[in-house]
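I wanted to look up a few local features in this structure and keep a record of each as I went. The entries follow in the order in which I looked.

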Amino acid sequence: MKISRFALRSHQFLPPVVPFRYHGLNIVRNIHNSRFNSKDHLQQIFDNQKYFNNFTKNLDHSDKSLPSLFTSQRTGLFKNDNLSTPDGLIDFSKASLAEAKQLVTKMLQEVKQNESGRLNYIKRLDQLSDILCRVIDVAEFIRVAHPSEKWIDAAQQTHEIMFEYMNQLNTNVDLYIHLRDILEDAAIVKKLSNEEIQVGDYLKQDFERSGIHMDPKTRDNFVAITQEISKLGSQFSNGIHQLNSYWCEVTKLEFESIKNTELKREISGHQSGLKKDSNVVLIPLAGHIPYTILTDCDTESVRRKVWIALHNSTSTQIQTLNEILKSRALLASMLGYKSFSHYQLEHKMAKNPENVLTFLKNLQTSLKHNGVIEEIRSLYKHKQSDSEDKIPSDEVLLKNIKPWDRDYLLAKFHNGKENSLQNINEYFSVGTIIAGLSTLFKSIYNVEFIPESTLKGETWDQSQVRKLKVFDLTNNKILGYLYLDFWSPKVLPSHFTIVCSRKISQDTEDTTKIKTLVQLDEKDEYQLPVISLICNFQRPTSSSSFGRFAGIERQNPTLLSLDQVDTIFHEMGHAMHSMIGRTDLHNLSGTRCATDFVELPSVLMESFSNDPRVLCKIGNHYQTGESLPESLLKEHQQNRVILGDCETYMQSKMAMLDQVLHDDTIVRTLPDSFYNYDSTPVYHDLERQLSVFTDDASTWHGKFPHLFSYGAVYYSYLLDRAIAEKIWKGLFAKDPWNKNAGEKYKNSILKWGGTRDPWVCLADALDDEELSKGDSKAMEIIGSDALSA
């Protein structure tokens, strides 16, 4: 789907006037120098609910510089006064729409009147985009993450209202012509900043990629199709977790073959009241039962049926996906592109789908030869019979290990090994990891986290959401704010951009009004980035007192697996990109860079979370405070990477599927393909070709959310992993705590947002001028690390 800068590229996000004054630099310094900035304080904010409650209630008593009744102040979500109720969100969208229309009228008048109107035109376009994004981004967050159905309904209405207008802007001929003329006027361009010129070029590209040259009727049709794709995308996202059926049929004979008597008893307990044939047993697909079958059931036919049932999408979901793919192909065709993939990749790092496919095929070949076959062979040993001595060929091996065998054979492979290991989770509470990240960022960026209490209405759950101020110690200023909810019952780990950095125009914008909508810096010059990170971790358990915290009543904290630690580090990579990438224009701030570059900061953070020099320094036992033993960490790390190459290969399969579904097949066969296209045979054919854990039975592709959200750019994860490997080796491998390395990385990559060519950023970071060309040779240099890692 075409996501315009008027729509904001999310990943997917009056009472406050007085508090804002009190949240200025003086308060920052007071808190920064107080006990509230200690590591234990930050840790307990996340690990001890009672401590957190006292912090939010009593902050005004502990710091006399704060106003009395501080926490009785009310506001709206993220300190936007308009977002105190669902109806307020809709009113906010309507008011923002009116403001945007007024701004467009004013821009078109001023650009014709004088040079000042032309010089400010690109800034005005960026301001226009920001007005819309303040609404669209928060609506997208609410639609996905808010627990209230009323808020979700309001967000859906808001999204549709704003998206329709955004599409109209993308095809506004007058806006485009003036922008084009300004960029072609050498005298004007000479007076613009590099950032303004770059934003102007990007917006011009967006106009042209939105069919601005089409005749009015065709352009209206283009807008209608784009809006329809957005609605279909929402339907697709909402249907990801739906199953064709919530029961799986097995025969009575298959049921009896299950050896786990406790499991059989649980399954039997679900049969009461169900209408069924006497020879059929229905296995519920909710709860732990189906997953226990996949890891514990000896009968392959039962595992197969349950696995397929769990991975089948509804027929409606597949039809929705088909409609998205066909509509995208039609848009690409209308714009003169060979395929939607060609359209998407034109301005990305990879340049074209041919480069992507070459990268993926080379990666898959290397993985198969260097690790995948051996990993699967190690599983096969637990499937073959005792009498089977012959070592099968690679082809036979791959044919005999099915996706429904994976968890079952992994369990046999481990055979209690995990149970024999000391529980490493006890060294990784949520608070320990957040405090550890603050320590790490202070070391490499001179940036740290400072907890801040929230006003009533500022979050979607005041007892659950934590707010952190991201503070730059070098320049003694606030970089932005994080709203963290680690216990969401409905959202997989996600990073949401709510507000982007942008310099406020003191001459043309009302700062007092803006302060009711966003959070500004100490001098009211910049609106500060606001990011929300959401995870679905287990909630804290019962209260107790322990070890070095004896005498302090607290809950047992949420304890994390190594995978969950990776998740927090990954999402914090995105967050720090948003915080450090401060720009004057919001279109290029933070994560608003090339889509196949945006995952670099997050993937690189996983190298930190896998390094014993980092984890053993920040990990400590939640009861005793003991540091994480390196020997224990290494045992767990060795135990978790048994299928490391297979996991990477599976991700490459998904990236390949993303390319194949968006290739030129539909475009070449229009209009016939528009009526009879079916993505399922395409998925099954590709699975058979790639032949590792082959799935030619389910409709799992309807559960692959990135087919919509990343459309033809999912390869980014693998490309950025290869880039991150090169950055890690070049800067941090010798010492992950090195300040000079952190400064080099921050100044060559993070601070630029989208204002600098990614290949130039890499060339600077790695001191390799050849990378700056961004050609096939540059791709080859980056790919070499992916193939050798």
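**Strand β1 and its partner**

I began with strand β1 (residues 247–251), where Cys248 and Val250 make up the covered face, while Trp247, Glu249 and Thr251 lie on the uncovered one. I kept in mind throughout that this is a predicted model. Looking next for the neighbour of β1, I found strand β2 (residues 280–284), which runs antiparallel to β1 and is joined to it by five bridges. For Cys248, which belongs to the covered face of β1, I noted Ile283 as the bridge partner in β2.

**Ser532**

I then turned to Ser532, which lies in strand β9 (residues 530–534). Is Ser532 buried or exposed? I entered Ser532 as buried because its relative accessible area is 0%, and the cut-off for buried is under 20%. Leaving aside neighbours within four places in sequence, I listed its contacts, among them Phe78, Phe141, Trp460, Tyr483 and His495. For Tyr483 I also recorded that the side chain of Ser532 reaches its backbone oxygen at 3.2 Å. Asp485 is 47 residues from Ser532 along the chain, and I noted a C-alpha separation of 7.7 Å for this pair.

**Helices α8 and α12**

Last, I looked up helix α8 (residues 149–170) and helix α12 (residues 216–238), whose axes come within 10 Å and cross at roughly 155 degrees. Angles over 145 degrees count as roughly antiparallel, and I therefore entered α8 and α12 as roughly antiparallel to each other. I noted their crossing as right-handed. Where they meet, I listed residues including Gln156, His159 and Phe163 in α8, and Val223, Thr226 and Ser230 in α12.

Terms used:
Residues are numbered from 1 along each chain as its sequence is written. This is a predicted model: local features need pLDDT of at least 70, side-chain atom pairs count only at pLDDT 80 or more; totals for chains, interfaces and linings use all residues. Side-chain values use heavy atoms; hydrogens and water are left out. Buried means under 20% relative accessible area, exposed over 50%, partly exposed in between (1.4 Å probe, protein chains only). Helices (H or I, at least four residues) and strands (E, at least two) are DSSP runs, numbered from the N terminus. Two strands pair if DSSP finds at least two bridges between them. Contact means heavy atoms within 4.5 Å. A polar contact is a pair of N or O atoms within 3.5 Å; within protein, one must be able to donate a hydrogen and the other to accept it, and residues adjacent in sequence count only if both atoms are side-chain atoms. Axes are lines fitted to C-alpha atoms, for helices over the stretch in contact, and angles run from 0 to 180 degrees between N-to-C directions. Angles under 35 degrees count as roughly parallel, over 145 as roughly antiparallel, 65 to 115 as roughly perpendicular and the rest as oblique. A crossing is left-handed if the near helix is turned anticlockwise from the far one by less than a right angle, and right-handed if clockwise.
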